[in-house]
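Got your viewer open? Let's take a short walk through this one, a selection at a time.

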Amino acid sequence: MINNNVLLFGIGNCGREDDGLGWAFLDKIKPLLPNNFDTEYRYQLQVEDAELATQYQTVIFIDAHKTFFKKGFMWEKCYPKAADSYTSHELNPQSVLHLTSTIYNKHPKSFTLGITGKTFCLSIGLSEAAKLNLASALDFFEKKVLNLVN
C-alpha cells in the first residue's frame, strides 16, 4: 500500500505539441507538491491504472483538450462510467474509475483538469496559447486545489 494519498496522472505526448500539456503540467507542479502527492506520466490511460488508483484517496487526471475553455482550462469532478468497449489501447478517466469501483470496490475522490491546446502536430514544444493556458491552470491548482486535497 502506498502511503501518499493523492495521485496526479499527467496524460499526453510531448512529441505532439500541445498534447504534451499533461506532462508539462507535472513538470512544473512537481517542485511545489507536498510529500503526500505522487505523479505518473502516461501516454494514455490503461486498464492497469485502475489498480494503481485504488491505492489513493484522491486521483487527478490532467490532459490536453481541443475544446476551448474560457479560462484556458476546466476543473471538474470525475465520476466512474463504464466504457462502450475496453481495449488495450486506451481508456478515459471515467472508465478507469469504473474499473477501480467494480473490480476493487474502491472509490477515490477524482477530478479532471483539462487544459486547452491549440496545435497537435508531430513536433516538440507547446504553442504560445497552450503555454498561457498551462500557466492559468498551474495558478489555479496552486491556489485552489492544493489546499483542497492536502
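Which residues does Cys14 touch, not counting residues up to four places away in sequence? Select Cys14 and show its surroundings: you should find Gly20, Trp23, Ser123, Ile124 and Gly125. Keep in mind that this is a predicted model.

Stay on Cys14 for a moment. Cys14 belongs to the loop between strand S1 (6–11) and H1. Is Cys14 buried, partly exposed or exposed? Its relative accessible area is 37%, so Cys14 is partly exposed. Now add Tyr56 and draw a C-alpha to C-alpha distance: Cys14 and Tyr56 are 26 Å apart in space and 42 residues apart in sequence.

Next stop, the rings. There are eight aromatic pairs to hunt for, counting ring centres within 6.5 Å. Pick Phe25 and Phe141: the ring centres are 5.2 Å apart and the planes sit at 85 degrees, so this pair is edge-to-face. Zoom out a little and you'll see that the pair links distant parts of the chain, with Phe25 in helix H1 (residues 21–29) and Phe141 in helix H4 (residues 128–149), 116 residues apart. Turn on the surface and look for them: both Phe25 and Phe141 are buried.

Now widen the selection to Phe25, Phe73, Trp75, Phe111, Phe140 and Phe141, which together make one aromatic cluster. From that cluster, stop at Phe111. Lys77 lies over the face of Phe111, 5.2 Å from the ring centre.

Last selection: Lys66 and Phe120. Here the charged end of Lys66 sits over the ring of Phe120, 5.5 Å from its centre.

Key:
Residues are numbered from 1 along each chain as its sequence is written. This is a predicted model: local features need pLDDT of at least 70, side-chain atom pairs count only at pLDDT 80 or more; totals for chains, interfaces and linings use all residues. Side-chain values use heavy atoms; hydrogens and water are left out. Rings of Phe, Tyr and Trp (its six-membered ring) pair if their centres lie within 6.5 Å; planes under 30 degrees apart count as stacked, over 60 as edge-to-face and the rest as tilted. Helices (H or I, at least four residues) and strands (E, at least two) are DSSP runs, numbered from the N terminus. Buried means under 20% relative accessible area, exposed over 50%, partly exposed in between (1.4 Å probe, protein chains only). A charge sits over a ring if NZ of Lys or CZ of Arg is within 6 Å of the ring centre and within 35 degrees of the ring normal. Contact means heavy atoms within 4.5 Å.
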